[in-house]
Amino acid sequence: MSCSVRDVESSQLPPCEDCLFMHALRANYQAAIWRRSLQSQPFVANPTDCGWMTDEDGKLAVNWMRGSPAPDAVMQLLSCKCVRSCELPKCTCLSNGLKCTDMCRLQTCQNKAIEEEPVAQQSDSESDVDDIEED
């Protein structure tokens, strides 16, 4: 089965190592609670240090990963098939918490990443001239 670059969707990415690590933290936390279940006053660690986070409402939510789900080169190839607007639940970029890329069909959506202006850097040849003049 061949797949063109435009057919790559974020939902097709496999789970990353970071997701596995966060899942192991949550499983270890649960096992620690079960292991101490017969104690009258068991020590229970803070769940936000063990793979969970608190959402806007203060409720406990799963922290799926700490970093990016894939290398930047792969992230730039992801695309959604939105035609008129990028909205939940149709936009696969939005539903996976990602910004739309240049590979997305709709090029004028509000979910695009804001590009920063590159900072001009001094070239190596200019710095070599400065070193010679200082000697």
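Tutor: Helices here are DSSP runs of H or I with at least four residues, strands are runs of E with at least two, and both are numbered from the N terminus. With that in hand, let's walk through this predicted model.

Student: Happy to. Where does Trp64 lie?

Tutor: Start from the two elements on either side of this residue. Strand β2 covers 60-62 and helix α2 covers 72-75. Residue 64 falls between them, so by the DSSP runs used here Trp64 lies in the loop between β2 and α2.

Student: Is Trp64 buried or exposed?

Tutor: The relative accessible area of Trp64 is 57%. The cut-off for exposed is over 50%. Trp64 therefore counts as exposed.

Student: Which residues is Trp64 in contact with, leaving aside its neighbours within four places in sequence?

Tutor: A contact needs heavy atoms within 4.5 Å. For a sense of the surroundings, Pro15 is 49 residues from Trp64 in sequence, yet their C-alpha atoms are 9.9 Å apart. With the sequence neighbours set aside, the contacts of Trp64 are Asp18, Cys19, Met22 and Arg26.

Student: Let's turn to Asp18. Is Asp18 buried or exposed?

Tutor: Asp18 sits in helix α1, and beyond its neighbours within four places in sequence it touches Trp64, Met65, Arg66 and Gly67. Its relative accessible area is 13%. Buried means under 20%, so Asp18 is buried.

Student: What kind of aromatic pair do Tyr29 and Trp52 form?

Tutor: The structure holds one aromatic pair. In it, the rings of Tyr29 and Trp52 are 5.2 Å apart centre to centre, with 65 degrees between the planes. The pair links distant parts of the chain, from Tyr29 in helix α1 to Trp52 in strand β1 (residues 52-54), 23 residues apart. Both residues are buried, and since planes over 60 degrees apart get this label, the pair is edge-to-face.

Student: How many disulfides does a search of the whole structure find?

Tutor: A disulfide needs two cysteine sulfur atoms within 2.5 Å. For Cys82, the nearest cysteine sulfur is that of Cys86, 3.7 Å away. For Cys93, the nearest is that of Cys104, 3.8 Å away. Neither Cys82 nor Cys93 is in a disulfide, and the number found in the whole structure is zero.

Student: Does Cys93 count as buried or exposed?

Tutor: The cut-off for buried is under 20% relative accessible area. Cys82, at 7%, counts as buried. At 2% relative accessibility, Cys93 also counts as buried.

Student: What accessible area do Ile33, Trp34 and Val44 have together?

Tutor: Patch members need over 30% relative accessible area. Ile33, in helix α1 (residues 17-35), is partly exposed at 31%. Together with Trp34 and Val44 it forms a nonpolar patch on the surface, and their joint accessible area is about 310 Å².

Student: In what order do the elements of the protein run from the N terminus on?

Tutor: There are four helices and two strands to place. Helix α1 covers residues 17-35, and strand β1 covers residues 52-54. From the N terminus on, the full order is α-β-β-α-α-α.

Student: Last one: what share of the protein's residues count as buried?

Tutor: The protein exposes about 10,800 Å², with carbon and sulfur atoms supplying 54% of that area. Buried means under 20% relative accessible area. Of the 135 residues, the share that counts as buried is 24%.

Note on methods
Residues numbered from 1 in each chain as written. Predicted model: local features only at pLDDT ≥ 70, side-chain atom pairs only at ≥ 80, totals over all residues. Heavy atoms only, no water. Patch = residues over 30% accessible without salt bridge, like charges linked within 9 Å, V, L, I, M, F, W, Y side chains within 5 Å. Areas by Shrake-Rupley, 256 points an atom, 1.4 Å probe, with all protein chains shown as cover. Salt bridge = Lys/Arg side-chain N within 4 Å of Asp/Glu carboxyl O. Buried < 20%, exposed > 50% of the residue type's maximum accessible area, 1.4 Å probe, protein only. Phe/Tyr/Trp six-rings, centres within 6.5 Å; stacked < 30°, edge-to-face > 60°.
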